[in-house]
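Colleague: I'd like a close look at one part of this model, the packing inside it. Could you walk me through that in one go?

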Amino acid sequence: MPSNLRWLRMRPQELALIAITAVWGSTFLVVHIAMQHSGPWFFVGLRFTVAGLISILIFRRALRGITWADLGAGGSIGLMIYGGYGLQTLGLQTIDSSTSAFLTALYVPMVPFAQWILFRKRPPAMAFVGAALAFAGLILIAGPEAFSLSLGLGETATLISTVPIVGEIILISVFAGRFDLGRITIVQLLTAGLLSFATMPFTGEGVPAFSWIWVAAGIGLGAASCIIQLTMNWAQKSVSPTRATIIYSGEPVWAAIIGRIAGERLPAAALVGGMLVVLSILASELRIVRRPNPDTPDRG
């Protein structure tokens, strides 16, 4: 049977995810600077506690009807956020950004298979193609240095962080359409922040000396995190985990653009990688439509 490819228009939810991915990617430089003045768990705790408090101001009326189910759903997502952001930030203390980008990118091809296993529903073929293109692009953005791995503490922490990242994306898709948007956002943000603070005594990390740098970065990224998680919770009500992951893979592209504006020179391979990530989003928009062959007799 002959087939042809047709384009699907991007929905508002998908455009919103692209927008927050740009915000997400632009925060890398801020985190990098903040890590020179603060420990990872304190900073992640500050970031998400601020985000949670902002979300309370926005959705304070929704808290009146909060249930144990809301707490369970939001808490499980918050646990994934805590693990993903915390371990990734911990890893960035001892490894460079290119290695971190390569290791973190492993979540991109993991999500389609996780969705397939958990939901018993195979994603469209073009979703796998898009994920593969995105992963290849992220490898090129990371550069050859990313392959020089010694699997120290930083590399190991970053590798482990990919598991809760996958979990976060999957759980948001599972719970987003079943629970109140405001309640689940508040709970997940506060859970991530409080768990990060609670981790500090176990890692020997103390409260850093006061600095306007980590204060400003924590408040700014807290506001950004509130917007990011709120948009993810809203958009992933109708956007599949695999599709959302392909869009999220544009994060290092935006980070590279910000770096370029800041004066960093990008190698040619990184530019090609960025083009592949963009192409992965376009490829995932394709659907194969099969039309009946007019020469085939009608069996009806």
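Modeller: Here is a walk through the packing, from the core outwards to a patch on the surface.

Keep in mind that this is a predicted model. The largest nonpolar core takes in 46 residues, and the ones with the most contacts inside it are Leu17, Phe48, Tyr107 and Tyr248. Let's take Leu17 as our way in. Setting aside neighbours within four places in sequence, Leu17 is in contact with Thr231, Met232, Ala235, Val239, Ala244, Ile247 and Tyr248. Apart from this core there's another one, made of six residues, among them Ala34, Met35, Phe43 and Leu221.

Now flip the view and look from Thr231. Thr231 sits in helix 10, which covers residues 212-235. Its relative accessibility is 14%, so with the cut-off for buried at under 20%, Thr231 counts as buried. Not counting residues up to four places away in sequence, Thr231 touches Ala16, Leu17 and Ile20.

Next stop is Ser38, in the loop between helix 2 (28-34) and helix 3 (40-59). Is this loop residue buried or exposed? Ser38 is buried, with a relative accessible area of just 7%. Again leaving out residues up to four places away in sequence, Ser38 touches Phe43, Gln93, Pro208 and Trp214. Phe43 is one of the residues of that six-residue core. As for Trp214, it is 176 residues from Ser38 along the chain, yet their C-alpha atoms are separated by 6.6 Å.

Trp214 also brings us to the rings. Phe42, Phe197, Phe210, Trp212 and Trp214 are linked into a cluster by ring pairs. The count of aromatic pairs comes to seven. For a look at the geometry, try Phe175 and Phe179: their ring centres are 5.7 Å apart and the planes sit at 75°, so this pair is edge-to-face, the cut-off being over 60 degrees. Both partners are tucked away: Phe175 is buried at 15% relative accessible area, and Phe179 counts as buried at 18%.

To finish, head for the surface. Phe113, Trp116, Ile117, Leu118 and Phe119 form a nonpolar patch there, and together they have about 510 Å² of accessible area. Phe113 belongs to helix 6, residues 107-119. With 43% relative accessibility, Phe113 counts as partly exposed, because that label covers values between 20% and 50%. Tyr107, one of the residues with the most contacts inside the largest core, has a number that falls within the range of helix 6 as well.

Conventions
Residues are numbered from 1 along each chain as its sequence is written. This is a predicted model: local features need pLDDT of at least 70, side-chain atom pairs count only at pLDDT 80 or more; totals for chains, interfaces and linings use all residues. Side-chain values use heavy atoms; hydrogens and water are left out. A nonpolar core is a set of buried Ala, Val, Leu, Ile, Met, Phe, Trp, Tyr and Cys residues joined through side-chain atoms within 4.5 Å. Buried means under 20% relative accessible area, exposed over 50%, partly exposed in between (1.4 Å probe, protein chains only). Contact means heavy atoms within 4.5 Å. Rings of Phe, Tyr and Trp (its six-membered ring) pair if their centres lie within 6.5 Å; planes under 30 degrees apart count as stacked, over 60 as edge-to-face and the rest as tilted. Helices (H or I, at least four residues) and strands (E, at least two) are DSSP runs, numbered from the N terminus. Patches are made of residues with over 30% relative accessible area and no salt bridge: like charges are joined within 9 Å, nonpolar side chains (Val, Leu, Ile, Met, Phe, Trp, Tyr) within 5 Å. Accessible areas come from the Shrake-Rupley method with a 1.4 Å probe; for residues, only the protein chains shown count as cover. A salt bridge is a side-chain nitrogen of Lys or Arg within 4 Å of a carboxyl oxygen of Asp or Glu.
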